[in-house]
Amino acid sequence: MRGYIILYCTVLFPFLSFGQILINDTIPRIAPISYEIIGNQVAYKAEMPPLNQIAGAPKAFYTYYWEFGDGNYSFKQKPTHRYTSSGTYEAKLWATNNYDNGKPPASRPKSIIIGDASDEASVDSNSPFIENDDLILKRNREPIPDQEMVFITGYKNTNNYVSSGKLYLFYNDNQFKNDNFILEDTRLHHGEKIIPLPIISETLSQNDDHTLLASSAHTTLQNRTLFVQDTTKRKNLPLTLEESKSLYRNYQVIAFNDMQPGEERNIFRTLKTTPEMIKDTSAIVTLRSIYVPDENFDNHTVKDTEMEIVTSHDPNKMSSNGWLMNYRLVRFKRLKFKVRFQNNGEGPANTIKLAVDTPEMFDKTTLQIDGMYPECPICPKEREVNYSCLDTILKKDKIIFQFNRIYLPGSQQKNVEEIDSTKGFVKYSMRFGKNFHKKKTKSRTAIYFDKNEPIITNYATTRFIPGISIGAKAGYIVVPELDNQKEYFVGATLSPFKSYRGYYQAEIMASASSYDELRNFETSSIDPNGTQSLIQFSETNTFNNISIYAVPGSFRYNFNNFFAMGAGIQLKMDITSKNDQETIGEGFSIFRNGQTTEIIRNPDLDVLETQEIKDDFTNIQTGVFVGMNFGTVRIGPSLGIRYVHNFDSPNSQIQFYGIWKF
């Protein structure tokens with residue numbers, strides 16, 4: 001039936017390609033669960049739909065995450081699970097389509113009835129906790145907008161007595177405008193209860209200095225987790241909760257009781273990623289988990305889970321926390337990067353090289369390795385060694401990380417069931433250089449497994465928020481068409497902070513001006529006796545104006561640190577205008593006798609008038625301008641000249657000014 005529909009569409013619409021039909025196919029993919037019960041053991045599997053390979057990507061494959069309904073889970077393709085109690089359980093599957101076009105296949109939950117739990121045979125009782133760990137966080141996939149993911153919280157009672165405590169989850173970082181997650185479901189299996197967040201005392205403990213924030217003595221890197229977990233052991237719980245509330249908008253608190261010494265439990269949460277989730281696929285979002293093992297004490301464990309936003313499930317990826325930075329402050333911070341990879345081959349990889357494109361604006365000498373898997377020491381520079389190590393090579397436009405003499409199994413390798421054991425990563429940080437510019441950067445990584453062709457990752461981008469720069473401006477205006485003209489102005493500008501090349505700028509200015517306007521005219525009249533009277537007038541207008549200039553928008557371009565040009569629209573209005581008018585008239589009498597005309601000066605006809613004329617909100621002008629600046633044009637002082645052409649008279653205006661941007 002499905003093939004028939006595709007053929008029918010192809011006939012009706014020959015201009016559509018077959019690839020487009022597949023992309024727009026709305027038939028959902030499903031992965032039905034099947035199982036076999038033997039006593040209290042259940043063997044699970046699922047029938048998976050065909051994969052739609054992404055062109056140019058490594059071979060597509062599925063990864064699996066199962067929940068068995070009793071508080072246990074598995075990442076195996078075909079797990080077998082032993083139930084310790086009789087009852088009805090609901091098994092669920094989330095399959096993830098790696099290197100595949102389209103959404104993950106859906107699976108309906110299955111109800112499993114266990115009648116006899118007397119069989120004590122064990123399938124897999126290995127604990128995921130290592131050494132002194134008491135909190136483990138995992139997820140089944142990276143977040144994709146408008147899809148769901150499962151977040152697993154494993155906690156353990158490392159005390160030698162029965163205890164009760166709390167688990168906190170903080171989510172939706174305040175640094176993002178929109179929420180990234182909706183907490184759709186929480187599955188509890190050991191009598192835990194969801195409770196309100198306790199009231200935090202406004203007066204924190206006096207002993208809240210940095211000595212309480214010491215990191216644990218070691219960092220455990222597990223091959224079963226998808227990420228580095230930043231772990232700290234802390235003692236001031238109110239301080240941690242206040243800090244967390246300032247970083248995240250949402251939270252959930254779970255209380256547990258009567259946990260036996262050495263007991264391990266799991267909590268499962270379904271998080272739906274929102275369609276408004278930030279679309280930058282190199283950005284990092286976080287979840288914070290806090291574990292209080294004993295409610296009678298403030299000792300607690302904090303783990304921040306970093307996750308990369310993706311548009312498709314690709315285990316080879318590069319990401320950065322510099323998706324949106326404050327340019328004024330970033331020079332004092334270390335920018336974090338992470339490259340993760342997966343060996344999808346049929347055998348192990350012994351040498352893995354990560355060639356990372358690195359823009360010159362970063363200071364490579366400040367490079368710091370913050371974590372890696374497989375975990376190994378840094379290779380010494382002065383000699384060759386015969387043990388596993390990570391070599392770092394700094395080039396002009398690249399940083400090369402090379403794992404030597406390691407063993408990373410392939411996902412297609414025989415007897416490899418734990419898919420996370422085929423994954424690795426390098427997490428590093430560095431600072432910007434001294435004279436870096438405010439511009440977007442793009443980096444990506446070429447990943448080489450032994451001598452195979454490289455796999456090219458996505459671009460990890462860094463960009464800056466525009467910021468605000470307020471400038472103080474003052475200058476002198478020349479209007480060639482006016483007589484005895486003088487005009488001085490002061491004002492302010494608003495623009496992005498220290499833009500690299502092009503940007504928009506708005507301005508507001510107030511000016512005080514004066515100029516003269518001369519007018520000569522004459523009037524004449526004839527007396528009854530036939531004598532003609534003539535008066536010649538000379539009128540002087542002295543204007544004194546207070547004006548407002550506004551530049552609602554102009555585009556400026558910085559060619560370098562010292563020269564910039566700009567163009568835009570200028571509006572002007574006289575707020576007050578005062579005209580001191582003086583009119584002087586000289587009188588003459590004109591006598592005509594035949595062909596003879598005699599002009600005689602007549603002081604009796606002289607006129608002398610003065611008056612003051614005031615107008616408000618008049619003389620509105622619109623014009624366009626082009627100009628240039630010399631000096632420290634991105635930030636600091638500079639000098640400028642601007643030519644303005646007004647659409648009304650007077651048409652020409654030249655501005656000379658100084659500006660200081662802060």
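User: Which residues form a nonpolar patch on the surface, and what accessible area do they have together?

Analyst: In this predicted model, the nonpolar surface patch consists of Tyr504, Phe555, Tyr557 and Phe559. Phe559 is placed in the loop between strand S32 (532–558) and strand S33 (563–593). Taken together, the four residues Tyr504, Phe555, Tyr557 and Phe559 have an accessible area of about 430 Å².

User: Does Phe559 count as buried, partly exposed or exposed, and why?

Analyst: The relative accessibility of Phe559 is 40%. Buried requires under 20% and exposed requires over 50%, with partly exposed in between. Phe559 at 40% therefore counts as partly exposed.

User: What percentage of the residues in the protein chain is buried?

Analyst: The protein chain has 662 residues, and its secondary structure comes to 3 helices and 37 strands. The chain exposes about 33,900 Å², of which carbon and sulfur atoms supply 53%. The buried share of the residues is 45%.

User: Among contacts with a separation of 6 or more, what percentage is between residues 24 or more positions apart?

Analyst: The count concerns contacts in the protein chain, where contact means heavy atoms within 4.5 Å. Of those with a separation of 6 or more, the share from residues 24 or more positions apart is 72%.

User: Which strand gives the most residues to the largest nonpolar core?

Analyst: The largest nonpolar core has 35 residues, and Ile352, Phe403, Tyr428 and Phe432 touch the most other members. Elements giving two or more residues to this core include strand S20 (352–357), strand S23 (398–404) and strand S24 (423–432). With 5 residues, the strand that gives the most is S24.

User: Which residues does Phe432 touch, not counting residues up to four places away in sequence?

Analyst: Phe432 is one of the residues that touch the most other members of the largest nonpolar core. With residues up to four places away in sequence left out, Phe432 touches Met325, Val330, Leu335, Met361, Phe362, Asp363 and Phe464.

User: How many residues does the second, separate core have?

Analyst: This core is separate from the one described above, and its members include Phe151, Leu169, Phe256 and Ile267. The number of residues in the second core is 24.

User: Which strands stand at the edges of the open sheet with the order S4-S3-S6-S7, and why?

Analyst: The sheet has 4 strands with antiparallel pairing. Strand S3 (residues 61–67) pairs with S4 over 2 bridges, and Trp66 stands opposite Ser74 in S4. An edge strand has a single partner strand, so one side of it is left without a neighbour in the sheet; these strands are S4 (73–74) and S7 (110–114).

Technical notes: Residues are numbered from 1 along each chain as its sequence is written. This is a predicted model: local features need pLDDT of at least 70, side-chain atom pairs count only at pLDDT 80 or more; totals for chains, interfaces and linings use all residues. Side-chain values use heavy atoms; hydrogens and water are left out. Buried means under 20% relative accessible area, exposed over 50%, partly exposed in between (1.4 Å probe, protein chains only). Accessible areas come from the Shrake-Rupley method with a 1.4 Å probe; for residues, only the protein chains shown count as cover. Two strands pair if DSSP finds at least two bridges between them. Patches are made of residues with over 30% relative accessible area and no salt bridge: like charges are joined within 9 Å, nonpolar side chains (Val, Leu, Ile, Met, Phe, Trp, Tyr) within 5 Å. A salt bridge is a side-chain nitrogen of Lys or Arg within 4 Å of a carboxyl oxygen of Asp or Glu. A nonpolar core is a set of buried Ala, Val, Leu, Ile, Met, Phe, Trp, Tyr and Cys residues joined through side-chain atoms within 4.5 Å.
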